[in-house]
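Trainee: I am new to this structure and would like a close look at a single part of it. Could you take me through the salt bridges slowly, with attention to where the partners sit?

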Amino acid sequence: MADLLRRPFGTHGAVHRITPADAGWRYVGFALHRLRPGERIAEATGDREVMLVMVEGKAAFRAAGQDWGVLGERMDVFERTPPHCLYVPNDQDWAAEAVTDCTIAVCSAPGHDGHAARRIGPDGITLTQRGEGTNTRWINNIAMEAEDVCDSLLVTEVFTPAGHWSSYPSHRHDEDDFPRITYLEEIYYHRLNPADGWAVQRVYTDDGSLDEVMAVRDHDVVLVPRGHHPCGAPHGFGLYYLNVMAGPRRNWRFVAAPEMAHLA
């Protein structure tokens, strides 16, 4: 099993690059670029589709033979405003040039020629409350099951207030048995407010064969190959994460942990 907690390579340029082979699974890939004004990145999608998420800052994009102009509006992810995103299908090229300091997430999964390139957000993305009490968090759905914009990818942002839990009650999506449960690999890209803070994430299976509790810091990534995966934000530290999921079918069905039955 690959290491589940991935620290960034540095603070500038490509600070994460996680492939399915590197992660030890089949579907999800993730990269993160932290650019300065005027810096440029260009890539081909190959047999994979990508969702480009402007986490922070502004950049000019070309993709799939089109000029998409400057995307991005929020300069700090904790503004909690909807993100600007660009979907690029398989067998296409894309390029971005930073207009300001910016952070660009590249979420990828197998593409099947099922969807055209398109801009996603900020219009149509509404910050939505989920949970209650200290389980309250706020969601920006970018491309979940209700949004028919991707072949494989499921992508969402989550803002968890200080002192609250998220991805909770604990649940798993690690079996291909639709409609009871679906197999989805998942990546969490974490941010903390303030940036020197920390949060916790546990990844565990019912039988205990996998049970890791990780202290996550700003810009860390956590891989969830199977099992339950709750997150906790300590008092004083707000938590953001970008979720990227994909599997053999584009449906999100999960089963709660047995110890959480009384919370259902």
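Mentor: Let us begin with E145, which in this predicted model counts as partly exposed because its relative accessible area is 31%. E145 forms a salt bridge with R253, and the closest N and O atoms of the two are 2.7 Å apart. R253, at 26% relative accessibility, is likewise partly exposed. This pair links distant parts of the chain, since E145 lies in the loop between β13 (137-143) and β14 (154-160), whereas R253 lies in the loop between β24 and β25 (255-256), 108 residues apart.

A search of the whole structure finds 13 salt bridges, and another of them joins the side chains of D206 and R172, at 3.6 Å from N to O. Here too distant parts of the chain are linked, with D206 in the loop between β20 (199-204) and β21 (211-216) and R172 in strand β16 (residues 171-172), 34 residues apart. The two partners differ in their surroundings, for D206 is partly exposed with a relative accessible area of 47%, while R172 is buried with a value of 13%.

The pair D206 and R172 does not stand alone, because a network of salt bridges links R172, D174, E175, D177, R180 and D206. Within that network, D177 forms a salt bridge with R180, their closest N and O atoms being 2.8 Å apart. Both of these partners are partly exposed, D177 at 35% relative accessibility and R180 at 41%.

Technical notes: Residues numbered from 1 in each chain as written. Predicted model: local features only at pLDDT ≥ 70, side-chain atom pairs only at ≥ 80, totals over all residues. Heavy atoms only, no water. Salt bridge = Lys/Arg side-chain N within 4 Å of Asp/Glu carboxyl O. Helix = DSSP H or I, 4+ residues; strand = E, 2+ residues; numbered from the N terminus. Buried < 20%, exposed > 50% of the residue type's maximum accessible area, 1.4 Å probe, protein only.
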